[in-house]
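Colleague: I should like to learn how domain contacts and pockets are read from a model. May we work through one case together?

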Amino acid sequence: MADDSIAVVDLDRCQPDRCNYECSNYCPPNRTGKECITLRGEEAEDGDPDQVRISEEICLGESCGICVEKCPFDAIEIINLPQELDDEPTHRYGENAFSLYGLPVPESGKVTGLLGPNGIGKSTAVKILAGEITPNLGRHEDEPSWDEVVDEYRGTELQDYLEAVRAGDVDVARKPQYVDQIPDQFDGTTRELLERTDERGVLDDLVDRLSIRPVIDQSIDSLSGGELQRVALAATLTRDADFYFVDELTPYLDIGQRVTAARIVRELAEEEDKAVLVVEHDLAVLDLLADSIHVAYGEPSVYGVVTPPKSVRNGINEYLRGYLDNENMRIRPEAITFEEHAPRETSTAETLVSYPDLTKSYGDGEFTLSVDGGDINRNEVLGVVGPNGIGKSTFAQLLAGDLDATSVAGEAGADLDVGLDIAYKPQYVEADQHIRVDAFLSSITDDFGTSYWNTEIGDPLQLDPILEQNLTDLSGGERQRVAIAATLSKDADLYLLDEPSAHLDVEQRVLATRAIRRFAENRETTVMVIDHDIYMIDLVSDRLMVFDGEPAEHGRASTPQPMRSGMNEFLANLDVTFRRDENLGRPRINKPGSQLDKQQKRDGEYYYTTE
């Protein structure tokens, strides 16, 4: 194989007991007597003895690709690497395994962003920077020492940092990606958890700023996703560390909470002179938060490349355009742009359902939701926005019939019957069934596996690689995509998707957005999307429903309205203004108190001006 190609065998997908070794039998070098594709054997460190290995020295590379086509389980990838890469990776997990090229550079007093798809090596990079694994420079059989690694990076920006890692002088604090797993790892109250981590003496301040004092004495296992996210951030930032790693700051947080969390992280870097690395898929927040950005690209689960640092604006724009200027590298076949989406003109449409004024009260002194009556149209995507704890999920459950209204059209005890079949994806996706993904989806619809289902749902949500996995083995992002597919696969009049962006990377969010819009248009059906990612709401919505009030106390839902008036109302409630990037039209949060922020507020235009 040429030096710029690698072969990867996915051992989770390689199933020799269910095939006839088509990869080996049809391999051209094998058929000439060479040992290109062979069994791993008893001496293999990874995998089973009867699974295959591929000799990268003998393999003909991507130009052949016969083994890739012949494998019935899509377990083989032969990839040509970008010519600009060095010969050896920073780290490779083993023979025919994932390779990482390059590392982000932590800087004291700075917030460094890391932007890229899931499965591209971001966690590997962090483990190296934390000293948890020694980068093997691609030598997985003859692993180098830390001294050799430092020599490899001598003269680069990483030299001083890696020398400190080698000496054991780097203390790391890490916020996990999947905060819903915290209750499985800690049994106690919020106070007990945070008092264990408060090494900097800033706990009281963070508890107030992150608005977690109301749950300070609650058990961890009783907290919502948004509460867990803020508790996890507080537990990370109260530690006294040299390097802070924040893996996904925003899931389950509303926009106001996201901006507050971003400000707190920036203050930690600037005022305490700490190095912070943030992996984030909410580009509006990443734009506000980071001082510089590394873009990660490649082939998920095959190889990943981390670029040198870029300015925040250029890094995000290059990533969205799909072309990296300095690297002269195309990483996506088409650009992601926003001009055609935001805001859409509201057209006259046939009404799907009219609902009356509603109230839902959970009891004296408990949360109460008031809903202004309105219409939901056919063949539209209705975006739903508002702070956490304001009643958005309650409204969805009322429509779905999972909750009884306290009053309907002013009449206490009346039933709300919208007369619709409703498919509902809840905010928190559980995966407790020990069943394969394909079996689970085929139990929902007879369309599973048909060309229609693949085109409209399966392919846009990138489900093919995980169809043979068990639900319980899926990552958070994979569970999310399966849950969206399961909801859209049902036969319904109205589809309710509660926070579909959680744990999806940028490209997955865009693909999910396109799938939702295309589904609504082609099926001439209606979808409601509740989400806090302003990019997704902006791309997907025809109209907007705005919730406001006092979180956890009372909420009010407005009648659905056009995007511009709805977004102006929503952002004014949060005291946040947005502008549009002049090149791609993407949303950008104005820095609070900036001249543009003040001018837009004076003009009453909180939503979208052009730079």
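Colleague: How much area do domain 2 and domain 3 bury between them?

Modeller: First, the basis: this is a predicted model, in which local features need pLDDT of at least 70, side-chain atom pairs count only at pLDDT 80 or more, and totals for chains, interfaces and linings use all residues. Residues are numbered from 1 along each chain as its sequence is written, and side-chain values use heavy atoms, with hydrogens and water left out. Buried area is the accessible area (1.4 Å probe) that two parts lose on being put together, summed over both. Here domain 2 and domain 3 bury about 2,000 Å², with 55% of it on carbon and sulfur atoms. On the domain 2 side, Tyr178, Tyr252 and Ile255 lose the most area to domain 3, together 32% of what that side buries.

Colleague: Which salt bridge should I examine, and how many are counted between domain 2 and domain 3?

Modeller: A salt bridge requires a side-chain nitrogen of Lys or Arg within 4 Å of a carboxyl oxygen of Asp or Glu. Between domain 2 and domain 3 the count is 1. Arg479 and Asp180 form a salt bridge through their side chains, at 3.3 Å from N to O.

Colleague: Where does the second largest pocket lie?

Modeller: Rolling a probe the size of a water molecule over the atoms shows where empty space is left. On a 1 Å grid over the protein atoms alone, a pocket is an open set of points where a 1.4 Å probe fits, with protein on both sides within 12 Å along at least five of seven lines; lining residues have an atom within 4 Å of a point. Domain 2 (105–133 + 169–330) and domain 3 (352–574), whose bounds come from an automatic or database domain assignment, both give residues to the lining of the second largest pocket, so this pocket lies between them.

Colleague: What lines the second largest pocket?

Modeller: The lining has 41 residues, and Asn388, Gly389, Ile390, Pro551 and Ala552 lie nearest the centre.
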